[in-house]
Amino acid sequence: MRVVILGSGRGSNAEALLAAQQEGQLGDARVVQIFSDRVAAPILALGPRFGVPAQFLDPGPFKTKFDDAGEERYIEAVRKSAADLVVLAGFMRILKPSFMEAFPQGIINLHPSLLPSFPGLDAIGQAWRRGVKITGCTVHRVTSEVDGGPIIDQAVVQVTSEDTLATVEAKVHAAEHLLLPAVVARLSKQ
């Protein structure tokens, strides 16, 4: 299974996937390309480190979505890489139905909460401010509803009285780094 990663930030979840691949833990999955919508995104530095092509693609002028030309650039690039699975790993753009229709084989997203609780931005902060005792992360299929697609798997994180927002963030990120590679490995066997 050929996997393409789309990311906007530092790439810690992409790094977890690539490290799992390097250790032979992704089953039949293989990351073949990384694309970022930010020209200086740290995720792009992972490509040379792990021997995977990594490239900036211009998304257009909007901050949270593609313009038509940007969307077409992404669709063409992902198609050229012959992706069987598109993984959104910290990709901070809302995808239009036309993008999802271009990849009916699957687009998955990793979200830092136990969906359906705390969708959208700052999910960990939302959970922290609400005072939850259990939070975590979710891998779900991408649909036109933001963070509303069918849940594939989740990992639970306990929040204790000793925790701070920073420690909860660290716990959730550690859970993400285990969950995403496990889900990709499992999907590669289906």
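**Aromatic rings and the surroundings of Ser36**

In this predicted model, both Phe35 and Tyr74 are buried. The rings of these two residues form an aromatic pair of the edge-to-face kind, with 6.5 Å from centre to centre and 65° between the planes. This pair links distant parts of the chain, since Phe35 belongs to strand 2 (residues 30-36) whereas Tyr74 belongs to helix 3 (residues 68-80), and 39 residues separate them.

A further pair is made by Phe99 and Phe103, whose rings are tilted, at 5.2 Å centre to centre and with 55° between the planes. Phe99 counts as buried because its relative accessibility is 0%, which falls under the limit of 20%. Phe103, at 4% relative accessibility, is likewise counted as buried. In total the structure holds six aromatic pairs, and ring pairs join Phe35, Phe66, Tyr74, Phe91, Phe99 and Phe103 into a cluster. A ring also takes part in an arrangement with a charge, in that the charged end of Lys65 sits over the ring of Phe62, at 5.0 Å from the centre of that ring.

Ser36 is placed in strand 2, and this residue counts as buried because its relative accessibility is 0%. The side chain of Ser36 reaches the backbone oxygen of Gly7 at a distance of 2.9 Å. When residues up to four places away in sequence are not counted, Ser36 touches Gly7, Ser8, Ala41, Ile43, Leu44, Gln55, Phe56, Leu57 and Tyr74. Tyr74, one of the residues that Ser36 touches, is also the partner of Phe35 in the edge-to-face pair.

Key. Residues are numbered from 1 along each chain as its sequence is written. This is a predicted model: local features need pLDDT of at least 70, side-chain atom pairs count only at pLDDT 80 or more; totals for chains, interfaces and linings use all residues. Side-chain values use heavy atoms; hydrogens and water are left out. Rings of Phe, Tyr and Trp (its six-membered ring) pair if their centres lie within 6.5 Å; planes under 30 degrees apart count as stacked, over 60 as edge-to-face and the rest as tilted. Helices (H or I, at least four residues) and strands (E, at least two) are DSSP runs, numbered from the N terminus. Buried means under 20% relative accessible area, exposed over 50%, partly exposed in between (1.4 Å probe, protein chains only). A charge sits over a ring if NZ of Lys or CZ of Arg is within 6 Å of the ring centre and within 35 degrees of the ring normal. A polar contact is a pair of N or O atoms within 3.5 Å; within protein, one must be able to donate a hydrogen and the other to accept it, and residues adjacent in sequence count only if both atoms are side-chain atoms. Contact means heavy atoms within 4.5 Å.
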